[in-house]
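These exercises go with the sequence and structure shown below. Try each task before reading its solution.

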Amino acid sequence: MSLQKERSRVLQTTKKIGELIMEYFSKAWDLKAQGKPVAWITVFTPVEVLHALDIYPIAPEHFGAMCSARGLVLDHLEEAERKGYSQNLCSYSRCCLGYVLGGMSGLMPPPDILITFRNSCDVYVKWWQSLNMHIGTPLFVGEAPYVLTLEDLDNYVLDYVVKQLEQLIKIVEEKFGLRFDVERLVETVKLSDEASELWLETLKLRRFKPCPLGGRDSASDIFPLVVMQGTTEAVKFYEELLLEVKEKVGKGEGVIENEKFRLLFDGIWIWYAFDLIKYFEDRGAVFVYEPYSEAWAHRLDASKPLESIARKILAMGLNVDIDLRIERFLESIKEFQIDGAVLLSNRSCKSWSTPQLVTADALNKKFSIPYLLFEADMADPRQYAEAQIKNRIDAFLEVLGER
Amino acid sequence: MYVGIDAGASATKAVIINKEGEITSYAIVPSGINFKVSSEEALRKALKTSNLHLKDVACTVSTGYGRALVNAKSTSSEILCISRGTHILFPSVRTIIDVGGQDSKAIRIDENGRVLDFVMNDKCAAGTGRFLEVMSNILGKPIEELSTLHFKSSQPVKISSTCTVFSESEVISHISQGSRIEDVIAGLHEAIADRIYNMSSRIGFEKDVAFTGGVAKNRGFIDALSKKIGLIPTLPKEPQMVCAFGAALAAIKKCKESVSHS
């Protein structure tokens, strides 16, 4: 198999993400020093509400991904294991617990409040309760019921989540002596919606052949959507990104020169093995669609701020029925002209991995799209069998090439 | 002449074929830690057997774990090589179960030898040749004797762990509790057969089913897996050479391509 020439395949805007992340964390320490509250949140918690209240949100899941990508994760994982946490637990939770047990002296300042909404992940609540026991910081647990159909959402669960958001606001107002300003919330909701709109528009441009934005871009560029939703910095970032991608489309420039295969990736990226994306690209295969990248964007309606935030918490991909997930999968095949699917069965994320076979079989049945399923952990590099995985990728691409 | 080299995790195989695709000679050497050395040695041996020289080789294709380290015109994955090789030997085969030194695979092919689907073992040595090598060491019986002993078993023991390391202690405890060595060996063959059966079930066992790879030289294992699946398998005379043979067939194709390109 001949390899494609390496040239810069990562977007200029993506290259700014590293700095943006470091700034975000260092600002957290600055604000903490000024006496402003810092919240540790699970993802898909109402960041817009927190920004409106001047509470600074940090997501330990994001911290775990970042530590893994930068080769720093083992310190925290091993610290947790030394204290008795099992290797069978989710690697994000282990990384976070190890950080806490190691004294919290790195990128994340100690939290003033712990906030979680049980929606996408069943581990959240017990993880946040454990943090609460270790650190002693107050804890807010929200609960988003499982959504079977989008009609359910309108029928009865929306109010339930809105009431919890109101309760959260009341609790933090009292605890930190803050005053909630609805005008500010409307403003953050508008900014959040704008960032989501820009990101969705950018992702849609991946339908072009050659695809202008690859897996390494989409994996990095989601960061502002995780904790910066509702800020002008996030909007600025996505404006710049869209501009660059549009320009590439205009010039007919793709991630790789000779695009042979357009692939779907299902799962959370393997943060310590970004090279694997390059490995695909070297062989003419480019990732054009990932449910993961799309999941972070959600349109909000500023005229109904709390209601639309509640909707975002509820309609998160892993909190809705599998039919809805499969439907989006099937749509994406045509929209992005996909040739094959790559699925990561991730030992840390059972919610994501368990239904993968059902979704992949649906793809295969309807479009006879071949798929490759392999195992690894998203953040823990110790379970990763590189040679075996690459061997399977080679075989998979060869099979695609023979079709 | 055309050469296929399969640089596998435990053995390196070289097959030489003529332009009609007929095998003129082959050789097998231990892979050791240097695939470049082992592949050169395998090739030298094979050339010697058929009184050929390096200059007679028009094109070489390599496959296997060490494929990138072999001096060859191009590389191909084991999945495609095994499929191609088996299809030419046995056109009626639709399912191939290949058990090698470090991994096991099940491949479904169509009537033209095209790969329809495949599965491979997890990042773990259980269900591979390595598993049997480890066990033959503990039992102090050479790997070649496992077949003979298997058929002397009357009551295979149950090995419940799927992990090579844990199975090792299970084997030791069976022996210390007085189990016969033949029964332990048959139990081990059943354990890998179970694992491979489970892995392969996703793609099914459409007939004919061929067994390939080094472990398919072990009659005891073939017995256990055939019983588990419930059919009589198609067996190549040299199951370990099928993959290298497929690579040699790819070399013919590669040579034609490069001629038509120039």
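**Exercise 1. A cis peptide bond in chain B**

Locate B:Asp208 among the elements of chain B, and state the geometry of the peptide bond that leads to it from B:Lys207.

Solution. The loop between α6 (181-200) and β9 (209-212) of chain B holds B:Asp208. The model is a predicted one. In it, the bond from B:Lys207 to B:Asp208 is cis, and its omega is near -5°. Most peptide bonds are trans.

**Exercise 2. A cis peptide bond in chain A**

Find the loop that contains A:Pro210, and give the omega of the bond from A:Lys209 to A:Pro210.

Solution. Begin with the place: A:Pro210 is in the loop between α8 (182-204) and α9 (215-221) of chain A. Then take the bond from A:Lys209 to A:Pro210, where omega is near 0° and the form is cis.

**Exercise 3. Positive phi outside glycine**

For A:Gln337 and B:Asn51, give the phi, the loop and the exposure class.

Solution.
- Step 1, phi. A:Gln337 is not a glycine, yet its phi is positive at about 50°. B:Asn51, also not a glycine, has a positive phi of about 55°. Most residues other than glycine have a negative phi.
- Step 2, place. A:Gln337 sits in the loop between α15 and β7 (340-346) of chain A. B:Asn51 sits in the loop between α1 (35-49) and β4 (59-63) of chain B.
- Step 3, exposure. A residue is exposed with 12 or fewer other C-beta atoms within 10 Å, buried with 20 or more, and partly exposed in between. A:Gln337 has 15 such neighbours and is therefore partly exposed. B:Asn51 has 9, so B:Asn51 is exposed.

**Exercise 4. The span of a helix**

Check whether the end-to-end distance of helix α15 (residues 322-335) of chain A agrees or disagrees with the expected span.

Solution. The helix has 14 residues. The expected span is 1.5 Å times one less than the number of residues, which gives 20 Å for this helix. The end C-alpha atoms of α15 are 20 Å apart, so the two values agree.

**Exercise 5. Two residues in helices of chain A**

Classify A:Ser130 and A:Ile171 by exposure, and give a C-alpha distance for each.

Solution.
- A:Ser130 belongs to helix α6 (residues 124-135) of chain A. With 16 other C-beta atoms within 10 Å, A:Ser130 is partly exposed. Its C-alpha atom is 8.3 Å from that of A:Leu97, at a sequence separation of 33 residues.
- A:Ile171 belongs to helix α7 of chain A. Its count is 14 other C-beta atoms within 10 Å, so A:Ile171 is partly exposed. From A:Ile171 to A:Lys312 the C-alpha distance is 21 Å, and these residues are 141 apart along the chain.

**Exercise 6. Domains of each chain**

Describe how the domains of chain A and of chain B meet.

Solution.
- Chain A. Domain 1 covers 16-180 and domain 2 covers 184-402. Their C-alpha centres are 23 Å apart. The contact draws 43 residues from domain 1 of chain A and 38 residues from domain 2 of chain A. On the domain 1 side, α7(A) gives the largest share, six residues. That side has 32 nonpolar, nine polar and two charged residues.
- Chain B. Domain 1 is made of 1-90 + 241-262, and domain 2 of 92-235. The C-alpha centres of these two domains lie 26 Å apart. Domain 1 of chain B puts 14 residues into the contact, and domain 2 of chain B puts in 19 residues. Helix α2 (residues 78-89) of chain B supplies the largest share of the domain 1 side, seven residues. By class, the domain 1 side holds eight nonpolar, five polar and one charged residues.

**Exercise 7. Between the chains**

Which helix gives the most to the side of chain A that touches chain B?

Solution. The contact involves 12 residues from chain A and 14 residues from chain B. Helix α18 (residues 386-402) of chain A gives the most to the chain A side, with nine residues. The chain A side consists of five nonpolar, two polar and five charged residues. For the confidence of the prediction, the model scores ipTM 0.76 and pTM 0.87.

Technical notes. Residues are numbered from 1 along each chain as its sequence is written. Chains are lettered from A and ligands numbered from 1 in the order in which they are written. This is a predicted model: local features need pLDDT of at least 70, side-chain atom pairs count only at pLDDT 80 or more; totals for chains, interfaces and linings use all residues. Two residues are in contact if their C-beta atoms, placed from the backbone, lie within 7 Å. Helices (H or I, at least four residues) and strands (E, at least two) are DSSP runs, numbered from the N terminus. Ala, Val, Leu, Ile, Met, Phe, Trp, Tyr, Cys and Pro count as nonpolar, Asp, Glu, Lys and Arg as charged, and the others, Gly among them, as polar. Domain bounds come from an automatic or database domain assignment.
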